[in-house]
Amino acid sequence: MTETTAGGTARTPEFRMAAGVLATLRRDMITDAFAYRPLPLAATPGRFVRRLPAAVRRHSPWSRYAAVTALALFAMALTAGSQQTFLGELGRLVAGVVAAVPILMTLVRPVGAWWAAVAMTLVLAVLGGSWEWPWTPGGFFSYLAVLVLVTLRTGPRVAAWMWMLTLALGFVISLLFGGRSGTNAPGMAVASAIALAVASSIQIRRHATAEVTAQQEVTAVERDKRTLLEERTTIARELHDVVAHHMSVVAIQAEAAPYRVKNPPPELEAAFVTIRENAVAALTELRRVLGVVRSADYEAPDAPQPTLASLDGLLANVREAGLRVEKTVTGPVRELPQGVELSAYRIIQEALSNTLRHAPGAKAGVEVSYVLGGLGIRVVNGAATGDVRPSPGAGHGITGMRERVAMLEGEMTAGATAAGGYEVAVFIPVRGRPEQASETAPGAAGSRSGSATGAGTGSATP
């Protein structure tokens, strides 16, 4: 199928393909060939650099520049020592500088460095008087070094263009100076093909590694977000029963309140009716929200949500699983809000589960501290013992704990201990309820005031 241009000329598929190839060649090798493209500094030191002294490691980001500079100096010395020129020692020095310039140009203008290498080839061939044509020994090395460095900076497509243009350069020079013996154009064709193939494979592998690393980073971020959302959904489902209970109590009390007052005014009855209607509406909306966050395989629990009163049963279960655990309770035990009790239970449960997975055979300790301003929790375990290997978890435990603590405006620290174990310390503030004033004995008001202003540490040393 042919394509007709605006002037009526038909273009065959072969013509369009050739035009596309030429356009690619112009874009890769000619357009902005001498644009400023500095070589990035090394992001991380290599294995060899890590073994060097600290004074040298400080300059490790410039290691690439140092390597290219050393390569250029070697090419300069090789060319100056082997170049045959009619200008004497000055000509040797000039030839060495000419051979080093294209290598140094790869640091800032990679494609332009190849064109400079072509010009270097012609200059050294004119200055030299040897039978080697067109590449002198120093020029041969410098040209190959430029091909490799440019390929590492650009890619396989530019490498293919450079190799084909190198073949064309050698062919043209052989035609123009065919009578000159000892041409090394075939040797350059073979050597450059091998060098470019190796450099292209390195560049492809480096590019693939960078893509995989970037994809892993994106996957890790998405996994963390998904884990966070899953934990928040779980917390929302568990707190549904707690919130629904309080709203139900509000609705019942609002309905019964007018009957406790003799001849209540109509305004009071209307106010309680409004309170009850709002409570019932809130319950309805709460059930709708629960339906949104509920997963497809979610089953409503048959038993009430656990509290700290159920902690002994939890400890008995983990002891049956092989974990040696001791419980310590400090401070006067008192009833806390259901949300605090549930979160505290889940935090202890997850901390002990992590101990079972990551530190099999270790001994754990659970401390629950009823302090003046709230509740302190501390779960610490020793290092793993025995021949049982730790089993990797899903990575949700610490995230779920932090979400529960943040929801209750508490504080949490988690980290390894000096003995090789792990410690989780949590403080959950608990504000005093105003309705306690009518239920406490005289003198209790001072304690309640202190709980509002006192500061808890959140953990105590057993």
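Start with the largest nonpolar core, a set of buried Ala, Val, Leu, Ile, Met, Phe, Trp, Tyr and Cys residues joined through side-chain atoms within 4.5 Å, where buried means under 20% relative accessible area with a 1.4 Å probe and protein chains only. This core has 42 residues, and Met29, Ile103, Trp114, Tyr143, Leu147 and Met162 are those with the most contacts inside it. The model is predicted, so to speak of local features requires pLDDT of at least 70 and side-chain atom pairs count only at pLDDT 80 or more, while totals for chains, interfaces and linings use all residues. Residues are numbered from 1 along each chain as its sequence is written, and side-chain values use heavy atoms, without hydrogens and water.

Next, colour the helices (DSSP runs of H or I, at least four residues, numbered from the N terminus): H1 (13-30), H4, H5 (88-105), H6 (110-127), H7, H8 (156-176) and H9 (185-256) each supply at least two residues of the core, and H6 gives the most, with 9 residues.

Now select Met162, which, leaving aside neighbours within four places in sequence, is in contact (heavy atoms within 4.5 Å) with Met29, Trp114, Leu147, Val150, Thr151 and Leu196. Apart from this core lies another, of 30 residues, among them Val318, Leu323, Ala344 and Val368.

Finally, select H4 (residues 63-82) and H7 (residues 137-153), whose axes, lines fitted to C-alpha atoms over the stretch in contact, come within 7 Å and cross at roughly 160° on a scale from 0 to 180 degrees between N-to-C directions. H4 is therefore roughly antiparallel to H7, a term for angles over 145 degrees.

Conventions. Parallel < 35°, antiparallel > 145°, perpendicular 65-115°, else oblique. Buried < 20%, exposed > 50% of the residue type's maximum accessible area, 1.4 Å probe, protein only.
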